[in-house]
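I opened this notebook to record what I looked up in the structure, entry by entry. The topics are the domains, the ligand site and the backbone.

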Amino acid sequence: MDLFDRINKLKEEGLDQIKQAENQKMLDKIRVELMGRKGELTKILHSMKDITPENRPKVGQEVNQVRDILQKQLDEAKDHFLQAVIAKKLEEEKIDVTLPGREGHLGSKHPINIILDDLESYFIGMGYEVVQGPEIETDHYCFEMMNLPKDHPARDMQATFYIDEEDLLRTQTSGDQARVLEKHDFSKGPLKMVGPGKVYRRDDDDATHSHQFQQMEGLVVDKNVTMSDLKGTLEMIAKHVFGQDRKTRLRPSYFPFTEPSVEMDVSCFNCNGKGCPICKYTGWIEVLGAGMVHPNVLENAGVDSTVYGGFAFGLGLDRFAILKYGISDIRDFYTNDVRFLEQFRKEEN
Ligand code: FA5
């Protein structure tokens, strides 16, 4: 076979091999065989000295042409495999933008906080200031300043957790009254405050009693504050939270820091007033204590009780939430079960 036929055969075989390559790896192997240092074409170029001088340029030109053709085919095949890899990757990583997104898990507000936030804005709207007393309160503010001296029998109703002789987990938010009264400057206007927060008692836990619950204290002191101001305020709160239909009633009661004293009941959410185990067959659930501020409380805080007077209330936020949402057991508030809490997401604003 003459040299030109051999070169032509190498070209045909090379092109054929490239066509047969199934992947990049096979193609790399073929490239080395065809174009590498040990390849047939390279060998021909290296043996130029054996070729007659007049044929040398022609052979060189022919070999280089074949190398160019093969290189072009190799490049095209390489490009083809690369495109195939990219297409496969794109297919695998395809994102369907029309699919609905995955929702992150959002927490929801605790029902007591929903009531608390709502009441706070309601009172702020009526010109009240929101204060925050300490959960570890002193005997002085929790009891003494509130007209409950050490031997007072009403202390028994609020047996609690003492930390030492003087400090205790507060049984009521009423200590906030004394703290605010001591500081208030009446020359600047009347005192109107609410003080929400946790309180603790050694109560037996049942559907409507917990040893830890939340109260919101309220206090209004000015000249000429009357019992009808208190009644009007309590009725407004009840209507705001429970709606116009739920019945309320005031009962005479006793608190050492108010005179006269009342308690407000709201008709039971469960039996609508007929009587059931939740309301202990009374048809009513007590939600707050209130009354006209006792002169001793004012005087203890340095306020002249012959000039100033006022009303105070302490409402149970848990009881408000129980009645508003129809919750059959107060303990559900404190077990932290997300399935319970999630039911109130729609109530958040
Ligand atoms: C008091 O704590 C008074 N300090 C309220 C007060 C303030 C009266 C200002 C006058 C003036 P009482 O012990 O009744 O009162 O509690 C008030 C409210 O807290 C109750 O009406 C009830 O709604 C709620 N409460 C009382 N004990 C519990 C309990 N163990 N678990 C859940 N809520 C309770």
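**Entry 1. Domains.** I began with the spacing of the domains: the C-alpha centres of domain 1 and domain 2 lie 94 Å apart. I noted the bounds as well, with domain 1 covering 3-92 and domain 2 covering 111-347. I record here that the model is predicted.

**Entry 2. Place of the ligand.** I then asked where the ligand sits. I found the ligand in the largest pocket. I looked up which elements give two or more residues to the shell around the ligand, and these are β5 (212-222), β7 (258-267), β8 (284-293) and β9 (309-316). With five residues, β8 gives the most to that shell.

**Entry 3. The shell.** I next asked how many residues surround the ligand. The number is 27, and I listed Q172, S174, R201, D203 and E286 as the closest. I sorted the shell by residue class and obtained nine nonpolar, 12 polar and six charged residues.

**Entry 4. Polar atom pairs.** I looked up individual distances between ligand and protein atoms. For R201, an N or O atom of the side chain is 2.7 Å from an oxygen atom of the ligand. For S174, I read 2.9 Å between a side-chain N or O atom and a nitrogen atom of the ligand. At S210 the partner belongs to the backbone: an N or O atom there lies 2.9 Å from a ligand nitrogen atom. I then turned to the area of the ligand, which exposes 670 Å² when taken alone, and the protein buries 96% of that.

**Entry 5. Backbone geometry.** I asked which form, cis or trans, the peptide bond from E259 to P260 takes. I recorded that bond as cis, with omega near -5°. P260 belongs to strand β7, an element that gives two or more residues to the shell around the ligand. I also looked up N147, a residue other than glycine, and noted a positive phi, near 70°. I placed N147 in the loop between α6 (139-142) and β3 (167-169).

How values were computed
Residues are numbered from 1 along each chain as its sequence is written. This is a predicted model: local features need pLDDT of at least 70, side-chain atom pairs count only at pLDDT 80 or more; totals for chains, interfaces and linings use all residues. Side-chain values use heavy atoms; hydrogens and water are left out. Domain bounds come from an automatic or database domain assignment. A residue is near a molecule or strand if one of its heavy atoms lies within 4 Å of it. A polar contact is a pair of N or O atoms within 3.5 Å; within protein, one must be able to donate a hydrogen and the other to accept it, and residues adjacent in sequence count only if both atoms are side-chain atoms. Accessible areas come from the Shrake-Rupley method with a 1.4 Å probe; for residues, only the protein chains shown count as cover. On a 1 Å grid over the protein atoms alone, a cavity is a set of points where a 1.4 Å probe fits but cannot get out, and a pocket is an open set with protein on both sides within 12 Å along at least five of seven lines; lining residues have an atom within 4 Å of a point. A molecule sits in a cavity or pocket if more than half of its atoms lie within 2 Å of its grid points. Helices (H or I, at least four residues) and strands (E, at least two) are DSSP runs, numbered from the N terminus. Ala, Val, Leu, Ile, Met, Phe, Trp, Tyr, Cys and Pro count as nonpolar, Asp, Glu, Lys and Arg as charged, and the others, Gly among them, as polar.
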